[in-house]
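Please look over the sequence and the 3D structure shown here before reading the report that follows.

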Amino acid sequence: MRRIRIFDTTLRDGEQSPGVNLNAQEKLEIARQLARLGVDVIEAGFPVASPGDLQAVQLIAREVQGPIIAALARANKTDIEKAAEAVRPAARPRIHTFIATSDIHMRHKLRKTPDEVVAMAVAAVRYAKGFVDDVEFSAEDATRSDWDFLCRIFAAAIEAGATTINIPDTVGYTTPAEYAALIRYVKENTPGIDSVIISVHCHDDLGLAVANSLAAIEAGADQVEGCINGIGERAGNAALEEIIMALRTRHDHYQVETGIVTEQLYRTSRLVSTLTGMQIQPNKAIVGDNAFAHESGIHQDGFLKERTTYEIMTPESVGVPQSRLVLGKHSGRHAFRVRLKELGYDLSEEKIERAYERFVELCDRKKHVSDRDIQAIVEEEVVTIPELYALDYLHVTSGTAAVPTATVRLLKGSEPIEEAAIGDGPVDAVYRAIDRVTGIETQLVSYTLSAVTSGKDALGEVTVQIRDNGSVFVGRGTSTDIIEASARAYLQALNKLIYDRQKFAPSMAG
Ligand code: KIV
Ligand code: ZN
């Protein structure tokens, strides 16, 4: 059976999504989850981009076992040296170097002739080979490049030592039939191509990224690149969960296998959404809230008689938690801990304890606590940055005829600090009071509120993005009280901002 390698670039191309800024701990959490998911390659970052990116790739290379850890580098020495430094601790390091090959890019962006570009690609691959055995070469904007020129540059890169050749649809321009034809052309006309892995990398500008990737696999590609939830530059990258489940569900058609533990897909998707602050649309294939919901009477009737009438894959196969009622306030710590394990969480004692306290609080406020509620609480504990400010007390008054007023007490370590403020609404008043305590003024970029489950006593889940000096920080908070959820989300984003300032301020000043 042909084996398709899954190359995840959520932490590199995905992190290039507007407004996404993950810190090293968050990247590590995602990388650990990607390893549980069973991806073959994790592209952990673009080390030359910033010291933070380099450190994050190093951390992942050191801590995450299993997948190949790749770092991106343009075709120049500095980029390659930084990438090599970053992946050095990995058991299986890869350097991924790229240069643009389309006439548009070579003429306007690189201002190089095709001959110069081939020479740069060869030099880059050779230089990378001096650091690692595993070198991937990408021809940026391949789908708008001359096909014979592509074969020429690929042959030269293979000769120089590249072990994977990537054919990206950088601007999401190609179509399934055209892309498949390009893959076949490269396979038939590139000397040495049989000794390397052919990779494909699609963007979603025309909504064709997944279709193009699948067409390329049918045409003989061995590796597929993409991001969880389809995040990434502009309209995003190919959504890996969709490709993976298409290959599994239509195994009869594609006749290929992957090493993916599909039951980990939902958790991976939630984690990426939580940490990036990028919401998943309800009708999103595979991981959206409605992906397995049957609404119309005819569908429900058919489904109840025989599941396969309207279900081509089961929610269990992608790890969607059952909304069965599991625990109540008398269940105790042990049952809670066991349920966490069953849901696939492997948390430190401290995090389990904090999650348990939140669970007990929730049982007092909410009649039925479901797996989805537990998952929402636990996801708040995933963030591992130090909590400089913690919410201790909150009191808000608002109403049709009242000026919204908030009193907030935060704990800075063990020191309580209290402030009050008025605002346009209760959330605004709380955020102003928090700003007074911390002395930090930020710009609120986005605020979203959604209910975790149905029912009037549902948990409210708030996600905020705040901007400080061009960087965006995401925070998420849950509570049956949406004002409290709003305060928690804002505080989490602020704590990340403060952590980032403390971590990078000395080196930036120097
Ligand atoms: O889209 C693209 O071309 C890329 C390359 C760096 C592989 O992301
Ligand atoms: Zn890309």
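Accessible areas come from the Shrake-Rupley method with a 1.4 Å probe. For this protein, which is a predicted model, the accessible surface comes to about 22,000 Å², and 50% of that surface belongs to carbon and sulfur atoms.

**The protein as a whole**

A compact globule with 510 residues would have a radius of gyration near 24 Å, and because the protein has 24 Å, the two values agree. The C-alpha trace spans about 75 × 70 × 45 Å along its principal axes, and its secondary structure comes to 18 helices and 18 strands. Of the 510 residues, 55% are buried, while 66% of the contacts with a separation of 6 or more are made by residues 24 or more positions apart. The protein carries 56 positive and 72 negative side chains, and the centres of these two sets lie 2 Å apart.

**A pair of strands**

Strand S13, which covers residues 389–399, pairs with strand S14, which covers residues 402–412, in the antiparallel sense over 9 bridges. A hairpin of 2 residues joins S13 to S14, and one of the bridges can be followed by eye, since the partner of Val-396 in S14 is Ala-406.

**A buried alanine**

Ala-70 lies in strand S4, which covers residues 68–74, and Ala-70 counts as buried because its relative accessibility is 0%, where buried means under 20%. Leaving aside residues up to four places away in sequence, Ala-70 touches Val-41, Ile-42, Glu-43, Ala-44, Gly-45, Val-87 and Arg-94. For Ala-44, the C-alpha to C-alpha distance to Ala-70 is 6.0 Å, although the two are 26 residues apart in sequence.

**Two residues with positive phi**

Most residues other than glycine have a negative phi. Asp-141 and Asn-469, neither of which is glycine, each have a positive value instead, and the table sets out their angles, loops and relative accessibilities.

| Residue | Phi | Loop | Relative accessibility |
|---|---|---|---|
| Asp-141 | near 60 degrees | between strand S6 (134–140) and helix H6 (147–160) | 0% |
| Asn-469 | near 50 degrees | between strand S17 (460–468) and strand S18 (471–479) | 76% |

Is each of these residues buried or exposed? With a relative accessibility of 0%, Asp-141 counts as buried, whereas Asn-469, with a relative accessible area of 76%, is exposed, because exposed means over 50%.

Key:
Residues are numbered from 1 along each chain as its sequence is written. Chains are lettered from A and ligands numbered from 1 in the order in which they are written. This is a predicted model: local features need pLDDT of at least 70, side-chain atom pairs count only at pLDDT 80 or more; totals for chains, interfaces and linings use all residues. Side-chain values use heavy atoms; hydrogens and water are left out. Helices (H or I, at least four residues) and strands (E, at least two) are DSSP runs, numbered from the N terminus. The radius of gyration is taken over C-alpha atoms; the globule rule is 2.2 Å times the number of residues to the power 0.38. Buried means under 20% relative accessible area, exposed over 50%, partly exposed in between (1.4 Å probe, protein chains only). Contact means heavy atoms within 4.5 Å. Lys and Arg count as positive and Asp and Glu as negative; His and the chain ends are not counted. The place of a charge is taken as NZ of Lys, CZ of Arg, CG of Asp or CD of Glu. Two strands pair if DSSP finds at least two bridges between them.
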